Amino acid sequence: MTQWVYTFGDGKAEGQSSMRNLLGGKGANLAEMSNMGLPVPPGFTITTGVCTWYYDHGRSYPAELKAGVEAGLVHIGKLTGKIFGDAANPLLVSVRSGARASMPGMMDTILNLGLNDTTVEALAKGAGDERFAYDSYRRFIQMYSNVVLDLDHHNFEELLDVYKERKGFSLDTELAAADWKHLVGEYKARVLEETGKPFPQDPHEQLWGAVGAVFSSWMNQRAITYRRLHAIPESWGTAVNVQAMVFGNMGDSSATGVAFTRNPSTGQKELYGEFLINAQGEDVVAGIRTPQNITEEARIAAKSDKPSMETALPAVYTQFIAVAATLEKHYRDMQDLEFTVERGKLWMLQTRNGKRTAKASLRIAVELANEGLISKDEAVSRVDPASLDQLLHPTIDPKAERKVIATGLPASPGAARGEIVFNSDEAESMKAAGHKVILVRVETSPEDIHGMHAAEGILTTRGGMTSHAAVVARGMGKPCVSGAGSLRVDYNAQTMTVAGTTLRKGDVVTIDGSTGQVLQGEVAMLQPELSGEFATLMGWADAARRLKVRTNAETPADARVAVKFGAEGIGLCRTEHMFFDEERIVAVREMILADDEKGRRAALAKLLPMQRSDFVELFEIMAGLPVTIRLLDPPLHEFLPHTDAEIAEVAAAMGADAKKLKARAEELHEFNPMLGFRGCRLAVAYPEIAEMQARAIFEAAVEAASKSGRPVVPEVMVPLVATKAELDLVKARIVAMAEAVIKETGAKLDYIVGTMIELPRAALQAGKIAESAEFFSFGTNDLTQTTFGISRDDAASFLNPYLAKGIIEVDPFVSLDQEGVGELVKIAAERGRKTRPDIKLGICGEHGGDPSSIHFCESVGLDYVSCSPFRVPIARLAAAQAALGKAAASQA
């Protein structure tokens, strides 16, 4: 019979940390901590299998579940000496979700479940504290009503604010037992008014309502959005954790907090976190009260006048330090901990591998390896390649003038600037319209996730370093300043005011997530320098990887950046991109619009020295590394003159009639330029174009070699080949130019000629094409377009519904379609190698910088990937992880 419920507590558990797929991350780690003998409130976990059953069977439960839950409640009761639902000695529980992947703030939690009009009196009597009991009851009513009964929090916040104002209170802590008792009555009346039913008094009804709400929340909009952004499959489901309540709000010897065993922003080895005395867990992360520092060192650094946990609860602090160290050593990674102190006793509520910035991830991985907790290869595998994007964001130029208008907490590093917006829907629509925005909120909630994703950065006036805004922003790699309390935000007026300065929606601000500063206007920024732990980890990654990493570059600036980031050559130089310069485009238009060979050769003669000097500079920057140059592949519409002024400019340069040129431009118009007169088709029709480019390449190679003393071996690539005959025709012209340059210069010249495989026919005919091609470079952008029969430029309108409906799991232009496009790559690689065993194989579409696609390239044995300069570090790390994964799989 299937086991649906797993218990834990009192130094033992039915589960363990390896069972996270079944028990979820939280349940597996609670079981593990119990097995380790750590102080964990007893409880039980309802498995993720129940969630799957729930959705597969019309939101119903397996028949055996009720008995399993009842047995779980008895288990908790035995360990606590309390009985669930008992009027005199009630067991109260928390109900929390727990998917196998951490989803902070995405799922719903309920505390103090089991309280009703009778048990609240028993709680007051048992604790000797009526105020505490009714404070707990009003919290439960609010949480339960929000999560289970779908009543918005503002219903209750409004009642509380009105009551406090009437009584002259400013802080919740000023309310006495009678005040909370009165508010409980108001809360229950609001529930009856809004739902038409009284607040449920039966603890068992409460429990099943909460369990159902957790499972239902797996499919709420914010959870769906979070899963989409973090590629978490819907099929995983969530577990439910039911645990005996421990109370951090039982007076000054009680507290609740969250902590990381290392700094999640910098990676520094220091206990980092916040706590609140006389509070419950949601108070810390919700930003309702400003938290206190755990360590005295952190309190001094923060210039806080509130006592640290180290001084306020010294005995508990000492125990907590030991537990934190034990957990980090056990899990061999930085831990994110949640804890409660009930009347001087420490209870651990959660441990999980902590979310961290890319900068912290690098430092933690390298330092854990240096400390001997993990190997170098494990350190390489620990860092998410995509997260390195965070390190490539600008920082504020230290020389820039800073008009600091406010300072908050440095919640997520990096700098961002943009127009102020005050709500998430607007952030999303402004981003879609091409604006860069900073999302300004009093505090963020899970409902803001789409706006946070759209914004360049996030600024909140409330909340600490572990608030929702801080945790989510760090996970997204977005700069964030939280808790900027001097700012006054008025949502109705759409203004933000500080020290007499009022900024309105649309005004530009800059935030520095590394210092917590908020700056007025645009501030100059610097590109990041990669060093220290980055260089160390990349060195380990380079030692582990097999795939070479090249870059797509045609400008000297791009080439230099790529070399700085560790590129091992140029895998794609798009020569048509060299012609968009104003001085050059006229000559290109002359060439395209010329109606005979003589006219084309005249225009090409102007372009030859430009091309040659470009190639010389690239060869010199690459200093002997391979450089693959693609012959001209312009969709003609990108170069044709469109306005009368542009036509007149070309006519003047050519000494031709403007009307005649206009007619020629119209004649060259294409209905589908991406499948039109481009690629090798240009070189077949007008071989003089390929001749000019080949001559420029070879003359540049000779010149660069003589200047540097290093041999230059250009790789000449013929684009959009569908047949061997096309390649043979163009290759003959390339070879003729090489021989001519050798004869004219007397220099030795080595080179290879290959082609881009970007059409399905070319992939299928790769065996024949390899008779002439010395290398293949898979142009997966076009290969994806031609395999799917969709235009990359027009696909967004229907790809989004495809993603939403699960027809495709990921945009095929972002991550390679391994089943379809990938199958063509495999076929071409196999057939090409069969003909020419030493053929060089690479990929040069944008997929060359996508970690998932790079794993595929490793699996089919390509020689290199090529990507945009700023993705080179990502590709290096992903290539190492792919090699390590392949090695591990072969040993398994």
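**Notes on salt bridges and a pocket**

1. A good place to begin is the pair Glu-568 and Arg-545, whose side chains form a salt bridge with N and O 2.9 Å apart. Glu-568 sits in the loop between α20 (556–564) and β28 (570–574), while Arg-545 belongs to the loop between α19 (533–544) and β27 (548–552), so the contact ties together parts 23 residues apart in sequence. Arg-545 has a relative accessibility of 12%, and it counts as buried because that value is under 20%. Please keep in mind as you read on that this is a predicted model.

2. Next, have a look at Glu-590 and Lys-606, another salt bridge, again at 2.9 Å from N to O. Here the partners are both in helices: Glu-590 in α21 (residues 582–593) and Lys-606 in α22 (residues 597–622), so this pair ties together parts that are 16 residues apart in sequence. Glu-590 is buried, at 6% relative accessible area, whereas Lys-606 is partly exposed, at 36%.

3. Some salt bridges share partners, and in this way Arg-262, Lys-269, Glu-328, Arg-363, Glu-367 and Glu-371 are joined into one network. It is worth showing these six side chains together on your screen.

4. A further pair is Arg-382 with Asp-333, where the closest N and O atoms of the salt bridge are 3.7 Å apart. This one links distant parts of the chain, 49 residues apart: Arg-382 is in helix α15 (residues 376–382), and Asp-333 is in the loop between α13 (314–331) and β12 (335–342). Which of the two is buried and which is partly exposed? Asp-333 is buried, with a relative accessible area of 6%, and Arg-382 is partly exposed, with 29%.

5. How many salt bridges are there in the count? The total comes to 48, and the pairs described above are among them.

6. Now to the second largest pocket, which has a volume of about 520 Å³. Its lining is made up of 30 residues, and those closest to the pocket centre are Thr-80, Lys-82, Met-245, Val-246 and Glu-342.

7. Which elements supply at least two residues each to the lining of this second largest pocket? They are α3 (65–80), β5 (90–91), α4 (119–127) and β13 (345–353). Of these, α4 gives the most, with four residues.

8. Finally, the character of that lining: sorted by class, the second largest pocket is lined by 18 nonpolar, seven polar and five charged residues.

Notes
Residues are numbered from 1 along each chain as its sequence is written. This is a predicted model: local features need pLDDT of at least 70, side-chain atom pairs count only at pLDDT 80 or more; totals for chains, interfaces and linings use all residues. Side-chain values use heavy atoms; hydrogens and water are left out. On a 1 Å grid over the protein atoms alone, a cavity is a set of points where a 1.4 Å probe fits but cannot get out, and a pocket is an open set with protein on both sides within 12 Å along at least five of seven lines; lining residues have an atom within 4 Å of a point. Grid points are joined across faces, edges and corners, and a volume is the space filled by probe spheres set on the points. Ala, Val, Leu, Ile, Met, Phe, Trp, Tyr, Cys and Pro count as nonpolar, Asp, Glu, Lys and Arg as charged, and the others, Gly among them, as polar. A salt bridge is a side-chain nitrogen of Lys or Arg within 4 Å of a carboxyl oxygen of Asp or Glu. Buried means under 20% relative accessible area, exposed over 50%, partly exposed in between (1.4 Å probe, protein chains only).
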